[in-house]
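Open the model in your viewer and keep the sequence panel beside it. Each stop below names something to select and then says what is there.

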Amino acid sequence: MAAVDEPALHRKMLRRILPFLFLCYVVSYLDRVNVGFAALTMNQDIGLSPTAFGVGAGLFFFGYFIAEIPSNLIMMRVGARLWIARIMITWGLVSAATAFVTGPVQFGIARFLLGLGEAGFVPGVFLYLGLWFPSAVRARATALFLLGIPVANIVGSPISGALIQLEGFGLKGWQWLLVLEAVPAIVLGVACLFVLTDRPEKAAWLSAGERDVLVARLAAERAAIERKHSFTLAQALSNWRVLTLAVVNFCAIIGSLGIGLWLPQIIKQLGLATSLVGVVTAIPYVCGAVAMVVWGRMSDRGSDRTIYPALSLLLGAAALMGSAFTPSPLLTIAALCVAVAGINSFVATFWAVPSGFLTGRAAAGGIAMIVSIGNLGGFAGPYMIGFVRDLSGGFTAPLVAVGCFLLVGATLMLVFGRLVRRHDVPAPVPA
């Protein structure tokens with residue numbers, strides 16, 4: 001065991017596991033937010049007001065909320081390979097079917113069913129990474145996986161902008177967009193059955209020595225966590241740490257999904273042609289991708305995991321509020337670049353925090369709880385932006401409102417970190 005080079009083993013694991021999961025997440029996120037591009041023409045075709053679009057788009061997250069915890073517990077029982085395959089095939093079929101909705105009610109039902117189908121994918125992958133990667137590289141692995149968020153927008157925005165201009169065979173551009181972007185999810189779902197390995201103990205692509213070292217390292221870390229924080233599933237679901245992180249995640253997702261779903265329309269309002277909206281929308285996510293990698297590496301080297309997501313949300317809040325008052329389109333785009341970089345950096349570092357005190361079924365349920373409550377922000381954000389825009393007639397007030405939620409999340413994260421540091425200080429040993 002001593003002869004195994006652990007940093008080299010970690011790099012081998014990153015090369016073997018992350019590219020496929022990253023690709024799956026790119027497709028997942030694209031299928032989640034591509035209605036933002038479809039809305040450029042779909043809303044008029046099927047009679048969606050800004051508020052109705054915000055409600056319908058956000059219903060995805062109610063379906064996600066309902067099925068999140070059961071999905072993660074099932075994955076613990078049947079394994080990631082089979083369950084993630086099921087998730088991807090289901091959401092691919094529902095996403096394609098969304099192309100054939102004819103009104104607000106059908107649109108809302110389709111989005112709700114898409115949430116049910118996709119529920120468990122993200123928390124399942126977080127749980128999966130915790131089963132494979134020691135704490136020294138877990139934030140880096142998580143950041144590489146979550147690069148799928150900006151990359152889905154970098155790659156998907158120009159593609160979606162092009163697909164929405166297609167016409168033919170009785171389908172309009174927004175329908176072609178939804179159908180064609182759903183196909184990769186089904187293909188990758190089938191590929192999961194052949195690519196993923198449930199646990200390190202079963203990995204034929206590791207040598208016996210590498211498996212022994214990795215399993216021993218992970219077991220030692222789990223034992224250390226359980227000595228310090230021993231939670232049952234029920235205790236994890238009601239623990240103050242889990243609930244606080246869930247609220248922080250809720251505030252952050254109001255920003256990430258609210259802006260993600262409305263950004264094409266925000267960019268469009270700056271006066272750009274539809275053909276350019278996709279290209280310009282990708283620019284903030286290029287900044288976000290770079291920020292995620294850099295911030296994730298810094299977090300792995302730091303001693304306090306909580307400060308990094310807090311600072312990320314502070315930056316995102318300031319930039320988003322600033323973008324509402326910039327005097328020119330160029331400065332607006334620059335501010336949005338900083339805002340997206342801050343929000344994405346939060347995502348890259350936040351998920352290393354719960355894995356520092358949850359293991360086993362408690363991790364499966366606790367992480368799913370944080371994701372599921374947090375994802376209700378995916379309903380609140382799009383709905384709030386649409387509702388406030390209907391009242392105010394523009395995006396200034398909605399952007400300020402979203403920035404306020406990011407500020408609340410940052411404050412809670414700072415308080416959480418202070419309480420954790422105080423609670424986890426070892427008691428002095430009597431002389």
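**Stop 1: the largest cavity**

Begin with the largest cavity, which holds about 200 Å³ of space. To find it, select Y25, N249, I253, W351 and N375, which are the closest to its centre among the 19 residues that line it. The structure you are looking at is a predicted model. In total it holds five cavities of 30 Å³ or more.

Now colour the helices α1 (6-33), α7, α14, α17 (329-350) and α18 (360-375); each of them supplies at least two residues of the lining of the largest cavity. Which helix gives the most to this lining? It is α14, with five residues.

**Stop 2: helix α14**

Select residues 240-268, which make up helix α14. The helix has 29 residues and reaches 42 Å from its first C-alpha to its last, close to the 42 Å expected at 1.5 Å a residue. Move along α14 to W262, where the helix bends by about 55°. A proline, P264, follows within four residues of that bend.

Is α14 largely enclosed or largely open? Of its 29 residues, 23 are buried, so the rest of the structure largely encloses it.

**Stop 3: helix α1**

Next select α1, another helix that supplies residues to the lining of the largest cavity. The 28 residues of α1 should span 40 Å at 1.5 Å a residue, and its end C-alpha atoms are 38 Å apart, which agrees. Zoom in on L18: a kink of about 35° lies there, shortly before the proline P19.

**Stop 4: aromatic rings**

Show the side chains of Phe, Tyr and Trp. The structure holds 14 aromatic pairs. A pair of aromatic rings is described by the distance of the centres and the angle of the planes.

Select F53 and F107 to see one of the pairs. Their ring centres are 6.1 Å apart and their planes are at 20°; planes under 30 degrees apart count as stacked, so this pair is stacked. F53 belongs to helix α3 (residues 50-58) and F107 to helix α6 (residues 104-118), so to speak of position, the pair links distant parts of the chain, 54 residues apart. F53 is buried, with a relative accessible area of 0%, and F107 is buried with a relative accessible area of 0%.

Then select F121 and F145. Here the ring centres are 6.2 Å apart and the planes are at 55°, so the pair is tilted. F121 is in helix α7 (residues 121-132) and F145 in helix α8 (residues 135-146), which makes this a link between distant parts of the chain, 24 residues apart. F121 has a relative accessible area of 0% and is buried; F145, at 0% relative accessibility, counts as buried.

Add Y25, W91 and F126 to the selection: together with F121 and F145 they form one aromatic cluster. Y25 was also one of the residues closest to the centre of the largest cavity.

For a charge beside a ring, select R86 and W83. The charged end of R86 sits over the ring of W83, 4.4 Å from its centre.

**Stop 5: helix α16**

Select residues 307-323, helix α16. Its 17 residues should span 24 Å at 1.5 Å a residue, and its end C-alpha atoms are 24 Å apart, which agrees. The buried residues of α16 include Y308, P309, L313, G316 and L320.

S323 is in this helix as well. At 4% relative accessibility, S323 counts as buried. Draw a distance from its C-alpha atom to that of F346: the two are separated by 19 Å and lie 23 residues apart along the chain.

**Stop 6: L82 and F169**

Select L82 in helix α5 (residues 80-97). Is L82 buried or partly exposed? At 46% relative accessibility, L82 counts as partly exposed. The C-alpha atoms of L82 and T197 are separated by 9.8 Å, with their positions 115 residues apart along the chain.

Finish at F169, in the loop between α9 (148-163) and α10 (173-180). At 82% relative accessibility, F169 counts as exposed. Its phi is near 55°, a positive value in a residue other than glycine.

Note on methods
Residues are numbered from 1 along each chain as its sequence is written. This is a predicted model: local features need pLDDT of at least 70, side-chain atom pairs count only at pLDDT 80 or more; totals for chains, interfaces and linings use all residues. Side-chain values use heavy atoms; hydrogens and water are left out. Rings of Phe, Tyr and Trp (its six-membered ring) pair if their centres lie within 6.5 Å; planes under 30 degrees apart count as stacked, over 60 as edge-to-face and the rest as tilted. Buried means under 20% relative accessible area, exposed over 50%, partly exposed in between (1.4 Å probe, protein chains only). A charge sits over a ring if NZ of Lys or CZ of Arg is within 6 Å of the ring centre and within 35 degrees of the ring normal. The expected span of a helix is 1.5 Å times one less than its number of residues. The bend at a residue is the angle between axes fitted to the seven residues ending there and the seven starting there. On a 1 Å grid over the protein atoms alone, a cavity is a set of points where a 1.4 Å probe fits but cannot get out, and a pocket is an open set with protein on both sides within 12 Å along at least five of seven lines; lining residues have an atom within 4 Å of a point. Grid points are joined across faces, edges and corners, and a volume is the space filled by probe spheres set on the points.
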